[in-house]
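Trainee: I've got a structure open and I'd like to learn how to read it properly. Could you walk me through a few features?

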Amino acid sequence: MKISDLIEQMPSKRRTLKDLATYIKTKSGNSPNYSMFLGAGASVTSGISSGTQLVEEWRKEIYELSSSCTFTDVRTARQYLIEKESSWYDPTNEYSSLFQKKFDLPSQRRRFVEKQVDSKLPSIGYSYLVSLFQSAYLDTVFTTNFDDLINEAFYQFSRERPTLCAHDSSIKGVSVNSSRPKIIKVHGDYLFDSIKSTLNETESLEINTREKLIEFTKKYGMIFIGYAGNDRSIIDVINYLLRQDEFLGNGIYWCIRKDDEINPDLHKILKRERVYYVEIDGFDEALAELHYCIIGEGLSLESNFKSTKRESMLANFIEDSYKLSQNTYICQDIDKLKNHTNRLDISNLINELSSENYVNSTGFTEVDFRNLLSLDMLLKNKKFDEAEKEAIKSLSLCSSDDLKNSYLSRLIAIYHQQEKFDLALEQAEIIIEMDEYSVKNNLRKLSLLRDSIKKMEFITILLDKFKYSCDIKNQFVIESLNHRSSKNFKSDVNLDNLMKKLEMSLNINPSLENMAWELTQRTLEAIKHTNDNSKEYKDELCKLIDRMGQKNPHHINTLEMRMKACINDADIDKAIELLKELDDIYKISSNKKRESLFELMISINRKLPSFRNRDKALECSKDLLEKYNDKFEKTESALPHLFRAEYYVTYDRDLRMAKESIIKAMEHDDVCNWAQSCLDILMYETPDLNNGEKLLEKCKPDIKDSSYYLMKSQIHIEMKDFEEANKLIEKSLSSGLNYDDYLINKSYIYLHEDANQKVLNLLSNEISELAPGSGKEALIVNKELANKRITGKINKIDVQNVVGRDKKGPASVAAHILLDEEIPARRLLDEIINNDFSYYYTFMRWPVIPNKYLDKYSSSCFVSDKMTA
């Protein structure tokens, strides 16, 4: 039966979307008249297969498997299943019976659903739905769907966070009278094995879910969209409610598409009193029309949020793969959105051109502007070949040096992202020829050089060329410190000379904005490692902080330097005092400075677990989360999400919540600043390779090539693709990776491969050659593990020295294990893991630590619904 049959049989039951909009709009007080109930049809235009599509696929597959015949048509397959497989096949509920046949276990069904909904973004209809919630015309949505589309839409298009009930125990506490948006998943969530999807499971609702559905219908009417009524459990509750006069006083409105098949159960319900049907084109079109009829205008999508996921959703709206713009209302909003997107791109380009300090900005024509905008769009969409042709063509036609600079800069970006480094360098040389004495142009070329010796040669030339540039002097120090950590280091960096260069930089520009202050601290740290004199470093660091404090004790760079002193002293009480002081400064600071202070407070709290005083660290972190809850909820930065993730792992031992927080962090552009920390959590226990890859591709344009290849290598280790991991770590080295980091990661790959002789060949002569302060402890552990695997022996003196130098750190655990000292190893493991549970996941990946040492901790991991400790 189709809706055309209903129109013929029950014309008096027919209502339009305009009628429904009037009923929704006509409400008493602030409370809505209706709840909404969404089925699988609401997810189709978000790229999730409908129940009908899955049934078609499963029916064909199971028929061919059972009958050993090739599928020819639906009728033959259904008839066969009815006659031969009646013990499990239910033709009135194909979805559930086929699903149960295809997947035996709840965990298998969960994994299938997870794969179906992974990475899917809400269609435009969900934006209209959120807007209706924000305008208080709706406050509750029930759904049989396992996806997270509704919640995601709230996250991207609303400041309000809904109450999400995904399992029966959480539903009980939901209040009908609460004005906060409520999402109630009647069949559970794909994150839980207890999702209800098979015939037996959907025969009845959980007690709390059933009671809550009944409770809500006492107050509200119900609007069904995208739901065919195939769940016995839902249909039974609806029939029960319709028999009671006190329920569903505002009626049921069932939205049905022209081609939808109406099952017998739904047909019976549509005959009942207080039940009406509404013909719609689809979920998105229906929500769009309701929104226009109720609100009186289109969407307000123009907030310039810094959210990559939001941008992707808006891009999907504009791309319109499902031709939703055939609907008049959606068409208007998509056109408005296209114009807004163009305005944003133009605004960003204007900001860039303004910041470049062009000599002749009046020389830019409208055509030039459009060409640059077009190039930026091609780069954004990674259409490098097309972008290269456009840039070269535009270059050949322009005469202005300023404009040439813009095109050449984009050519450098095009070549760099494709790893065509020589071509990128050629463009940098051309830019220098155009303006030889531009510091910026020369530093651009320096950034493209990939060998530390060549970098040192070039920056030394620039020192003579730009005698009074503090930027050049600072960069000389940066390159020198990097060179000390490179494979090419031959004790050819004079640290005292670096200190002199930094003093000269501060004489030229003594402001606290000068990077020379931070570089002075880094150089002092290098001197400490060389001289092995911690007291001298502490004294010099105090003097540096005093100098900065005399200029401005509340400057963010002064405060950051004080944080480094706390970390160096491992003094948690001093860190707590600094946090209290930051809180006081926050209250009297501008909004802009508050952002920096908030970030600094988070940074300090992230370091507190390393001080080995769990109670005080936890108290501080809880205090930050509670006191600045509003900042955490409304953040437009990745850092607060990363902090929550680390909190979940360190204190709550809740890895699922931690990974969810990292995925939220990935929605923000600045996630690249903490890419390694985010990737570490994604790789814990069962690695989330898909989101790990997404994180790296998002961050690739904004992080060092060496960091990108290093993290890519780490992902391939988790995939056990050691050949590719080896290639990537070599690329990371050639891109400037510190040599000690290279040796640690290279030997780590070899150990996972059980290529122990390669570890010995790699490390035997290299450890002694490294600059002071390098990761020698880790390298000694890797070398001696390989040695023990091959010969059964170790260099005891070297390993005992690790214990002495590491001072009860993680490397000491490995050293005790190599020395067969099980009791101190277990004692130290307990101390480290109980203080910071993230080390459990770190130790799980270390080849040197046998599983028997970690088994006891696996039972202490748990999944929670809120942060606890």
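Trainee: Let's start with a helix. Which residues are buried in α6?

Mentor: Keep in mind that this is a predicted model. In α6, the buried ones are Arg109, Arg110, Phe112, Val113 and Val117. They sit on the same side of α6, because they cover an arc of only 165° around the axis.

Trainee: What's the general idea behind that kind of pattern?

Mentor: An α-helix has 3.6 residues a turn, so residues three or four places apart point the same way.

Trainee: What covers the buried residues of α6?

Mentor: The cover includes α3 (51-67) and α5 (94-102). As for the helix itself, α6 runs over residues 106-117, and its 12 residues reach 16 Å from the first C-alpha to the last, close to the 16 Å expected at 1.5 Å a residue. After α6 comes Ser119, whose phi is positive, near 70°.

Trainee: Where else should I look for positive phi?

Mentor: Try Glu419, which isn't a glycine and has a positive phi near 65°. You'll find Glu419 in the loop between α18 (401-417) and α19 (421-434). Lys720 is another non-glycine case, with phi near 60°, and its loop lies between α35 (705-718) and α36 (722-734).

Trainee: Is Lys720 buried or exposed?

Mentor: Lys720 is exposed, since its relative accessible area is 63% and the cut-off for exposed is over 50%. Glu419 has a value of 27%, so Glu419 counts as partly exposed.

Trainee: Now the sheet. In what order do the strands run?

Mentor: To read a sheet, follow who pairs with whom. Here 8 strands form an open sheet, in the order β1-β8-β7-β6-β2-β3-β5-β4, with parallel pairing. The edges are β1 (14-15) and β4 (163-165), each pairing on one side only.

Trainee: How many bridges join β3 to β5?

Mentor: There are 4, between β3 (residues 140-143) and β5 (residues 182-185), and the two strands run parallel. For one specific pair, look at Thr140, whose bridge partner in β5 is Lys182.

Trainee: How do I get a feel for the nonpolar interior?

Mentor: Look for the residues with many partners. The largest nonpolar core has 111 residues, and Leu582, Ile604 and Leu608 touch the most other members. Leaving aside neighbours within four places in sequence, Ile604 is in contact with Met563, Ala575, Leu578, Leu579 and Leu582. There's also a second, separate core of 62 residues, and Leu132, Ile183, Tyr292 and Ile334 are among them.

Trainee: What about a polar side chain? Which backbone oxygen does the side chain of Asn442 reach?

Mentor: That of Ser438, at 2.9 Å. Asn442 belongs to helix α20 (residues 439-448). Asn442 counts as buried, because its relative accessible area is 1% and buried means under 20%.

Trainee: Which residues does Asn442 touch?

Mentor: Not counting residues up to four places away in sequence, Asn442 touches Ile432, Glu436, Phe458, Leu462, Lys465 and Phe466.

Trainee: Finally, how do I take in the whole chain?

Mentor: Start with the tally: the protein chain has 44 helices and 8 strands. Buried residues make up 51% of its 869 residues. Then check sequence separation: among contacts with a separation of 6 or more, 66% come from residues 24 or more positions apart.

Technical notes. Residues numbered from 1 in each chain as written. Predicted model: local features only at pLDDT ≥ 70, side-chain atom pairs only at ≥ 80, totals over all residues. Heavy atoms only, no water. Expected span 1.5 Å × (residues − 1). Buried < 20%, exposed > 50% of the residue type's maximum accessible area, 1.4 Å probe, protein only. Arc of directions from axis to C-beta. Contact = heavy atoms within 4.5 Å. Pairing = 2+ DSSP bridges. Core = buried A, V, L, I, M, F, W, Y, C linked by side-chain atoms within 4.5 Å. Polar contact = N/O pair within 3.5 Å; in protein donor to acceptor, adjacent residues only side chain to side chain.
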